[in-house]
Amino acid sequence: MALMATIRAQLSRFLSRTLTRPGFIAFNGSIRRPEAPPVHRNFSSSAAAAAVLPQREPMGVKEYEDYRRSLYGDITHKALLVDAAGTLLAPSQPMAQIYREIGEKYGVQYSEAEILNRYRRAYAQPWGKSRLRYVNDGRPFWQYIVSSSTGCSDAQYFEEVYNYYTTDKAWHLCDPEAEKVFMALRKAGVKLAVVSNFDTRLRPLLRALNCEHWFDAVAVSAEVEAEKPNPTIFVKACELLGIKPEEAVHVGDDRRNDVWGARDAGCDAWLWGSDVYSFKEVARRIGVQV
């Protein structure tokens, strides 16, 4: 009885701190915070995200672990879900530099600082042309972003920028040991999936980087028709892997989209660059030595 009372007290404290927090995604999906630029999302940067998202006190690790244990017991992670841009992948050059360099021959005259500021303002505006920003190939949304950022509406300029971000020249792996770690995880029986707010260029991009075959499934928001932090995309990834959400841990670099969204779906979640800093550390926490 004393143990149950302790668990109930811990759960009560946890719920009062998180579910009433402004912008937390309630279990029925009814509470949403205005969407902000994703970190490193195609043409974004961590600075852009920081400029929009207010800083919030992270919940205590032990408190969260106690909460999960009260719900699910001691569950072994059977699957690893990984965010794409900002966690698995990173842009090789700053977005504003690419916009300016490609745009010079099309008459773009803004400095990189001006392009970045205009990008932030454009991304912060509500996108009213569709329910999701990334619909199919995402062209309408990115045409708006590129033209707003640079003042150039030339169709050929947009296509050159858009296609650049589908090549291995535009991106690199955040962790050079990723392949070795993922192969060790798969050998140990851990299933792997990418879960990303991205348009349909993600699969060709993963193939260009020769890493698509590392994963058992890829859940792309443009295909699933749900964007993080909506828990639907995490649930879909787990369905593709044939596991329950509570058996998966998601790793991503955005606290709202990746951590809160995954936890709302029932998954465990670790923040890249705070809870974990490398995929080797992720594997160790799952219980696989590399």
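Visitor: Why is helix α4 (residues 95-103) described as largely enclosed by the rest of the structure?

Guide: Keep in mind that this is a predicted model. To read burial, look at relative accessible area: under 20% counts as buried. In helix α4, seven of the nine residues are buried, so the rest of the structure largely encloses it.

Visitor: Which residues of α4 are buried?

Guide: They are Met95, Ala96, Gln97, Ile98, Tyr99, Ile102 and Gly103.

Visitor: And what do the buried residues of α4 pack against?

Guide: Three helices: α5 (112-124), α6 (139-150) and α7 (155-164).

Visitor: Let's move to strands. Is strand β4 (residues 191-196) mostly covered or mostly uncovered?

Guide: Mostly covered, with five of the six residues in β4 buried.

Visitor: In which sense do β1 (residues 79-82) and β4 pair?

Guide: To read pairing, follow the bridges from strand to strand. Strands β1 and β4 are parallel, with four bridges. You can find one on screen by picking leucine 80, whose bridge partner in β4 is leucine 192.

Visitor: How many bridges join β4 to β5 (residues 217-220)?

Guide: Four, and β4 and β5 also run parallel. Here, try valine 195: opposite it in β5 stands alanine 219. Between the two strands, the chain passes through helix α9 (residues 202-208), making a right-handed β-α-β crossover.

Visitor: Now the nonpolar core. Which residues touch the most other members of the largest one?

Guide: The general idea is to look for buried nonpolar side chains that are joined by contacts. The largest such core here has 60 residues, and Leu80, Leu88, Phe182 and Leu185 touch the most other members. At least three of its residues come from each of domain 1 (61-89 + 171-286) and domain 2 (93-165).

Visitor: What does leucine 185 touch, leaving aside residues up to four places away in sequence?

Guide: Leucine 185 touches Leu80, Val190, Leu192, Ala283, Ile286 and Val288. Another core, of 20 residues, lies apart from the largest one and includes Ala219, Ile233, Phe234 and Val259.

Visitor: One for the bench: how many disulfides does a search of the whole structure find?

Guide: A disulfide is a covalent bond between the sulfur atoms of two cysteines. The search of this whole structure finds zero. Take cysteine 238: its nearest cysteine sulfur belongs to cysteine 267 and is 4.0 Å away. The cut-off is 2.5 Å, so that pair does not count.

Visitor: Is cysteine 238 buried or exposed?

Guide: Buried, at a relative accessible area of 1%. Cysteine 211 is buried too, with a value of 0%.

Notes: Residues numbered from 1 in each chain as written. Predicted model: local features only at pLDDT ≥ 70, side-chain atom pairs only at ≥ 80, totals over all residues. Heavy atoms only, no water. Buried < 20%, exposed > 50% of the residue type's maximum accessible area, 1.4 Å probe, protein only. Pairing = 2+ DSSP bridges. Right-handed = clockwise from strand over helix to strand, strands pointing away. Contact = heavy atoms within 4.5 Å. Core = buried A, V, L, I, M, F, W, Y, C linked by side-chain atoms within 4.5 Å. Domains from an automatic or database assignment.
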